[in-house]
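Please prepare a formal report on the two-chain model shown below. It should cover the chains, their domains, the interface between them and a few individual residues.

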Amino acid sequence: MATGMSGTRIRKELSKHIPGHRLTQSDAFRLVTVQPDNPQELHTIVGFAAREGVPVVPAAHATRPPVMEDWHIRLNFGRMSAIVDFSLESGLVCAQAGTKLADLSDWLMEKGHSLMVRPDYGEDMELWEFLLAPDAGNFGPRFGSKWEQVFSLSAVLPSGRIFENSLAPARASGPDFSRIILAGRGAFGLPLEVYLKVRPLPRRRQLTALAILDLPEACARAWKVAEAAQPEFMEIVANQCRSGDKVPAQFALIELWGERTEVARRKELVRKHFGKSAKTTDVPYEELLGLEETCRFERGARSQYFTDRQGLAELIDSVGQGPVADAPQLRLRGFVHNQAYVTIERPAGSPPRPTTTQDLFTSTDGSWLLQETSRHLDPRGIFSWAPRVWDEVG
Amino acid sequence: MHGQRVSDELRKLLGSDKVVTDEQYLLSYASDMIPTGQLRKLAGRLPSRKPLSICFAEDVEDVRRVVKFCAAERVPMIPWGAGSGVCGSNVPVEDSIALDLKRMNRVLSLVPEERQVTVQPGLIGEELEERLNARGLTMGHFPSSIACSTVGGYVACRSAGQFSSRYGKIEDMLLGLEVVLPNGEVARLGILGDGHYKDPVLDLIAGSEGTLGVITEVCLKVEPLPEKMDFRGYAFLDLEDGIQCMRRVMQSDLRPTVLRLYDPLDSLMAGFHSKTSDGEDIHRAAARLTGLKGTLAAAITELNAAGLAVGLFRPSLLNRVVELLPTRALLIAGVQGKNAKITEQWDRFTTIVAAAHGEDLGPAPGHAWYKRRYAVSYKQSKLYQAGAFVDTMEVATTWENLAPMYRAIVKALSKHVFIMAHFSHAYPQGCSIYFTFAAYRPTERSRKSTYQQAWRAGLEAVQRFNGTISHHHGIGTLKRWAMTRESPGGQELFQAFKHALDPASIMNPGKIYNIDV
């Protein structure tokens, strides 16, 4: 819903509400950029936007901003990038929305700890982007996807009110609205401070690369591998974009954490359950992991979704044809509760071709339910642009 | 619409065998197991409200008919499982009907190789477990109410079972749901729809206590039955050592089946009598106390019900006497797997327990607990009959706040009630505390007043530590006053969902949040 308010007026009005802030105005992009320092300022800024019907769009680093016809407020979280709490005892870190994932990872590493999921879009993402982006993150059967790493959060709602939940595991105090805020990809609220689960760095990290000899067989066996060996990370890659004499076109990357004997036992389970469908390769794990990076393509050429055992088998059967005909890279993760997480990359310039109508975050019915509710929560639609930050991704 | 007309219309819709209006039925649906309802009954007073009628749905179409009728006629409806809730989630409102789902009790599909089961919501937990056991599977969900609670109720209130440290809570097992929304439409979520196993909208319905829709199908993950289970007991002189031991276990790679730490008084009540490290026998210590303190100490050590009932007149004194007795905290642990694996797990336990200054008591206390694990819930009625009240408060927080929060709650409640607790449902990041409290007051009014003071003091103490006011019983009407602090902004989100889905506010109104849509 257009506000009709000019950029100059938005800037002037905001200056009154948050005096002392440097506000930049871009006539070309019809935006006023503001860098809040704390949740209280966000409460004020978003409250103003809600009253005046001015759209609020977070400034993402990993993606291009949506092009908008209306004047809007561009929220830059750069000044809200502090690590506000760290509990060794409870295995939790609390960071502000603008914290760069790379900085957080480095900081945790110095403390001997680690996050249990990595972003798909690179670690230059800010925390809020990482949480709201339409991907599940690089995850394995042991710890689950990125949403499962969120212990508690605060967020600014479209009214400007600050949402918080108690700092406790497994709450039974009504619906878990923190999950709804994440699923809304910004339409229900923007995360401000987030408690994430962390783990001590393992005494030993076993990185195993396997060349896959029989892709359908390896994928069928991966379910058992995941169940028996519980790898911290496991990814199967069918790579058409950069394979050569040494580099296998299809490979599995497995990461196992723990004590030496335990890791050795689990590695043996990996070998046993993959059987003859895969064998150890001489190509180092890091080199194969690096291939993922070199094979990244322009946004808009990627589709991601969850599928079940049967859906995965059908997809693998159709490699080289059907939905993955022009896919230079197919990546598979998860293998949790009969569901695998599929990423299909296509060449730059090719249109996104989702192989399913399924929303990455929820079902068709769930998506309808969220959309209906967001209209009541945000009648002027000031946060409705937030999810579109990633629209180009497809 | 007049009550009689509501019942007549419902009979036309469903058939007369599915609608009941007999007075004795209506009275039994006038309250769930919330203690204020029990206090009222024991005072010989009828409930202030009862439903106009009770509808027994047999399939999703029955549910849709009732919901559409209620939405059209603006008749509030209370979804009803087994009525075992203790927070007032099923308490009727003015001119409401109850929708009983217990006839929807079928197992719809069971795929052992995919380890998932889909059931109707009215299936009793124990029956589901028996059906699964027959196929070599288990749900891993063992609430103490398992014989008198339904699967739909578990999801609606985010239930937890005694083996949650291994299998998680019900929301961790949840893969999909079918829900009849307040407009009568059916939504299929998670893997029952075209969503995935961590569909966040499942987290909207789980814990919503029937305020956003009626659950009509539940898909859960199941696990193979363990080859063997084994249990042990450990003793700690210092409760905080026991807490540290639990934390270390949960942050290791061990996945214990059971992990429950009883505070000294709860250890005594669980029948754990042992000498302290300096060899002093608790009975000898009790004998040294004189006067009323001595009487109460004897009652505690002998688990003398009549003596304890006397003590409930003066709960603060009873609590002080407990502090004077040399006691230890009892940790019950359980593991499962193949024989070799069990030995390996106990070896690792032993190392962690020793580092936390614990003493291995062997298997006897663990197996004794396992044998009597459902017994405790059935002891409460005796106290009610004696004119006292008893209730439980299940809260949770992070490990670093756990011991301070426990102490703060004990301090806050000790003035009002006799109090004990155990720590169960542990996670790598924190743990739940399950308080049991009791007191005697001579009149219904004073009982109710003390009861409310205890709850208020307890939950305020929880919120000073930013803990949660509910780990697995839910909110209902009992705790809704504390929701503003539990989740600032949560009411705004809840209200948006109610506006969008239930504009007539027919679905279990007044629960979780007291809002007027």
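The report below proceeds from numbering and overall content to domains, interface and single residues.

Residues are numbered from 1 along each chain as its sequence is written, and chains are lettered from A and ligands numbered from 1 in the order in which they are written. The model is predicted, so that local features need pLDDT of at least 70 and side-chain atom pairs count only at pLDDT 80 or more, whereas totals for chains, interfaces and linings use all residues.

**Chain A and its domains**

Chain A contains 10 helices and 18 strands. Helices (H or I, at least four residues) and strands (E, at least two) are DSSP runs, numbered from the N terminus. Chain A has 394 residues, of which 49% count as buried. A residue is buried if 20 or more other C-beta atoms lie within 10 Å of its own, exposed if 12 or fewer, and partly exposed in between, with C-beta atoms placed from the backbone. Of the contacts in chain A between residues at least 6 apart in sequence, 72% join residues at least 24 apart. Two residues are in contact if their C-beta atoms, placed from the backbone, lie within 7 Å.

The domain assignment divides chain A into domain 1 (79-200) and domain 2 (204-345); such bounds come from an automatic or database domain assignment. Nine residues of domain 1 of chain A contact 13 residues of domain 2 of chain A. On the side of domain 1 of chain A that touches domain 2 of chain A, four residues are nonpolar, three polar and two charged. Here Ala, Val, Leu, Ile, Met, Phe, Trp, Tyr, Cys and Pro count as nonpolar, Asp, Glu, Lys and Arg as charged, and the others, Gly among them, as polar.

**Chain B and its domains**

For chain B the assignment gives domain 1 (3-102), domain 2 (107-224) and domain 3 (228-464). The C-alpha centres of domain 1 of chain B and domain 3 of chain B are 37 Å apart. Six residues of domain 1 of chain B nevertheless contact seven residues of domain 3 of chain B. The side of domain 1 of chain B that touches domain 3 of chain B comprises four nonpolar, two polar and no charged residues.

Helix α13 (residues 291-302) of chain B has 12 residues and spans 17 Å from its first C-alpha to its last, close to the 16 Å expected at 1.5 Å a residue. The expected span is 1.5 Å times one less than the number of residues in the helix. The buried residues of α13(B) are L296(B), A297(B), A299(B), I300(B) and T301(B).

**The interface between the chains**

Between the chains, 53 residues of chain A are in contact with 59 residues of chain B. In chain A, β9 (162-164), α5 (177-183) and α10 (364-377) each supply at least two residues of the side that touches chain B. The largest share of that side, nine residues, comes from α10(A). By class, the side of chain A that touches chain B has 23 nonpolar, 20 polar and 10 charged residues.

Helix α10(A) packs against helix α22 (residues 490-501) of chain B at an angle of about 115°, with the axes 8 Å apart. Axes are lines fitted to C-alpha atoms, for helices over the stretch in contact, and angles run from 0 to 180 degrees between N-to-C directions. In this pairing E372(A), T373(A), H376(A) and L377(A) of α10(A) meet L493(B), A496(B), F497(B), H499(B) and A500(B) of α22(B). The residues of this contact divide into five nonpolar, three polar and one charged.

**Individual residues**

The table lists the surroundings of four residues.

| Residue | C-beta neighbours within 10 Å | Class |
|---|---|---|
| N339(B) | 10 C-beta atoms | exposed |
| Q230(A) | 16 C-beta atoms | partly exposed |
| P264(B) | 22 C-beta atoms | buried |
| N508(B) | 30 C-beta atoms | buried |

Most residues other than glycine have a negative phi. Q230(A), which is not a glycine, has a positive phi near 45° and is placed in the loop between α6 (215-229) and β13 (233-239) of chain A. N508(B), likewise not a glycine, has a positive phi of about 40° and is found in the segment after α22 of chain B.

P264(B) belongs to helix α11 (residues 264-269) of chain B. Not counting residues up to four places away in sequence, P264(B) touches L239(B), V322(B), T327(B), R328(B) and A329(B). P264(B) and L325(B) are 61 residues apart in sequence and 9.2 Å apart in space, C-alpha to C-alpha. N339(B) lies in helix α16 (residues 339-355) of chain B. N339(B) and G152(B) are 187 residues apart in sequence and 36 Å apart in space, C-alpha to C-alpha.
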